[in-house]
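Reader: Hi! I am new to reading protein models, and I would love a close look at one part. Could you walk me through it slowly?

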Amino acid sequence: MTLVIKCRPDDFVVWKDALQACGLRHEIRHWSDPGPPDDVRYAFVWAPEPGGLARFPKLEVIFSLAIGVEHIFSDPQLPDRPVVRLVAPETTARMAEYVTLSALFIQRGWYRFVRPQKDQLRWSYYSDRLASEVKVGLLGLGEVGRACAGMLKAAGFQVNGWSRTPKNIEGVGTFTGKAELPAFLASTDILACVLPLTAETTNIIDAQLLGALPRGSSIISAGRGQHVDEPALLDALDSGHLESAVLDVFRQEPLAPEHVFWSHPRIFMTPHCAGLATYAERARSLAANIDRYENGEPLLHVADRAAGY
């Protein structure tokens, strides 16, 4: 049985070594050279081209190379097979660290010191609020959102969360659906987006949503770049309605050298690294899920095709 991997060519040997170190004994081949199509039982992929997965008639399970699956569900010829998200413990922990660090960065006002240091301007002070005085609102309360909520609470923040379906998390105020979104936004000082990307969440951070946040609030975008309406974000920052933005994901990656985000004084960026787990950790999660499947146990983290994640 063959596992075929669609990744950057330079990454293939690293993935193969990591999976074999986990005890995976399947034939492992690159997407560009899969061998006999009938031998392929598993696909481990990022952004397969339309119809690419359909060429394997005996394919049993499709594994995403990341926690998101929108790059798989966008295939109009996608075979009717389970699609599995890559949810590694290290990924959720790193996402929680990133969101909490960003919230502290905003809460302590450290962004106010970046420009003066860079330009060797005058020494300045800023009187910030305590974390206990700041409300962080999480857009998304899945595995990642819950991990973020726990770490934010431990750091002392007041934490609320919004999700499509009802959630009950101890110590976290929860809001559900479109009807409760305005109340959630009105009670948010720092908005952190960790939603999956679906048709419903594309451009969710638009002018209307940003306008519903209190003046002087900030955002953290760590889900997908397509969540953010970039012109609306720039308008909110330039008007002073939004204080700052920490961005880890973008519509175009890598970001074009001429993009205005590079030089904007209220935008702080990282290169899509918020939840980047090691190859070894992700390989362990994949190999463990294949073992479960072949032992007749239910697969973990199967995506809901109707919901899109």
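Author: Happy to help; here is a walk along one strand and its partners, then a look at one lysine. This is a predicted model, in which local features need pLDDT of at least 70 and side-chain atom pairs count only at pLDDT 80 or more, while totals for chains, interfaces and linings use all residues. Residues are numbered from 1 along each chain as its sequence is written, and side-chain values use heavy atoms, leaving out hydrogens and water.

Let us start with strand E4, residues 61-64. Strands here are DSSP runs of at least two residues, marked E and numbered from the N terminus. Val-61 and Phe-63 point one way from E4, while Ile-62 and Ser-64 point the other way. In a regular strand the side chains alternate between the two faces of the sheet. All four of these residues are buried, meaning under 20% relative accessible area with a 1.4 Å probe, protein chains only.

E4 has partners, too. Two strands pair if DSSP finds at least two bridges between them. Strand E3 (residues 40-45) runs parallel to E4, joined by 4 bridges, and E5 (residues 83-84) is also parallel to E4, with 2 bridges. Ile-62 stands opposite Ala-43 and opposite Val-83 in E5.

Now for Lys-6, which lies in strand E1 (residues 2-6). Lys-6 is buried yet has no salt bridge, that is, no side-chain nitrogen of Lys or Arg within 4 Å of a carboxyl oxygen of Asp or Glu. The nearest side chain of opposite charge, Glu-49, is 4.5 Å away. The Lys-6 side chain does reach the backbone oxygen of Ala-47, at 3.3 Å.

Technical notes. Buried < 20%, exposed > 50% of the residue type's maximum accessible area, 1.4 Å probe, protein only. Lys, Arg positive; Asp, Glu negative; His and termini not counted. Polar contact = N/O pair within 3.5 Å; in protein donor to acceptor, adjacent residues only side chain to side chain.
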